[in-house]
Amino acid sequence: MKSLITLFLFLLAGLCFSQNRTEIYVIGNIHDSVPNYHPKVLFDILDKIKPDIILHEVDSEGMKEYESDPHITGNEIKASNLYLKKYPKTLRFPFDFEGRNQYRKDRGMVPADNLAVKLIDSLYKEKALTSAEIKLYENYTNATQELMKTAALAPENFNNAAMDKISEKRQNAQYSGLVKISDNRPEFAERMVTKPDGKKISYRDGFKLMSGFWDLRNQTMARNIYQVAEKHPHTKIVVLTGFLHRYYLLKELKRLNNKDYVIKEFYD
């Protein structure tokens with residue numbers, strides 16, 4: 001009898017502990033309003049979860065603009081503002097890489113990355129790529145098209161494990177596959193952009209830097225989310241991010257987790 005009571009108390013304690021653990025919901029978003037995804041759709045998701053904390057994919061300066069500029073029209077901030085109006089005690093924090101935009105400009109990643117991709121596309125259309133390079137580029141475009149098709153559906157369709165795999169495939173195709181093309185072709189070493197300090201950097205080097213920054217940025221964002229979870233235990237935290245980041249953040253959050261939080265989906 002005593003053993004049964006002990007077992008019951010143990011299970012009850014475990015249940016209470018699990019119910020008090022921090023819950024993290026990573027919601028992959030489309031930033032701009034479209035017919036299938038707009039602020040009201042996201043607000044309804046937030047209202048269902050009822051988070052204590054909302055994290056936005058901006059740095060501290062971006063968060064100030066979010067909170068003070070009435071002209072910002074992105075899905076995340078409009079839905080967040082609606083939620084805050086209904087639940088004014090909700091906390092909101094940024095979680096992005098600090099100084100993200102200037103960091104990329106100062107190092108020449110921007111605009112070298114976009115220019116590199118445009119040049120690859122141009123070479124593809126001119127049939128100037130090798131067969132191996134064509135395969136690398138088509139891996140990227142095919143994954144992009146698959147993502148776009150899914151992003152036209154209801155949000156649960158671009159917030160699941162299957163979509164995460166496609167997003168990872170697409171990002172690897174861009175920051176590994178396309179970088180191989182720029183590394184191997186002289187056009188990317190010959191074309192230059194000028195950084196804010198007046199120094200020049202090639203498309204090749206700028207694109208390679210951006211490839212590395214993809215990892216650095218996502219790993220930093222995951223650590224920032226983790227730190228918020230540590231500072232605010234036993235809360236519900238919603239992370240609002242572009243859906244291309246979701247797979248990486250989930251992977252990192254699972255790696256960092258010391259059983260302090262559970263990761264949940266908004267539709268569960």
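Two strands are taken to pair when DSSP finds at least two bridges between them. On that basis, the predicted model contains an open sheet of 5 strands, which follow the order β3-β2-β6-β1-β7 with parallel pairing. The two edge positions belong to β3, spanning residues 91-94, and β7, spanning residues 261-264, and each of these pairs on one side only. From one strand to the next, the twist averages 25°.

A good place to look at the pairing in detail is the β1-β7 end of the order. Strand β1 (residues 22-29) runs parallel to β7, and 4 bridges join the two. Tyr 25 offers a handy landmark here, with Lys 264 as its bridge partner in β7.

Two helices that pack on this sheet deserve a look. Helix α2, made up of residues 39-49, touches β1, β2 (53-56) and β6 (236-242). The direction of α2 makes about 170° with that of β1. Helix α11 (residues 243-256) also packs on the sheet, where its contacts are with β1, β6 and β7. For α11, the angle to the direction of β6 is about 140°.

Turning to helix α5, residues 100-106, one finds Arg 104. This side chain invites a closer look: Arg 104 is buried yet has no salt bridge. Asp 113 is the nearest side chain of opposite charge, and it lies 6.3 Å away, whereas a salt bridge calls for a side-chain nitrogen of Lys or Arg within 4 Å of a carboxyl oxygen. Leaving aside residues up to four places away in sequence, Arg 104 touches Met 109, Val 110, Met 210, Phe 213 and Arg 217.

Conventions:
Residues numbered from 1 in each chain as written. Predicted model: local features only at pLDDT ≥ 70, side-chain atom pairs only at ≥ 80, totals over all residues. Heavy atoms only, no water. Axes fitted to C-alpha atoms, helices over the stretch in contact; angles between N-to-C directions. Contact = heavy atoms within 4.5 Å. Buried < 20%, exposed > 50% of the residue type's maximum accessible area, 1.4 Å probe, protein only. Lys, Arg positive; Asp, Glu negative; His and termini not counted.
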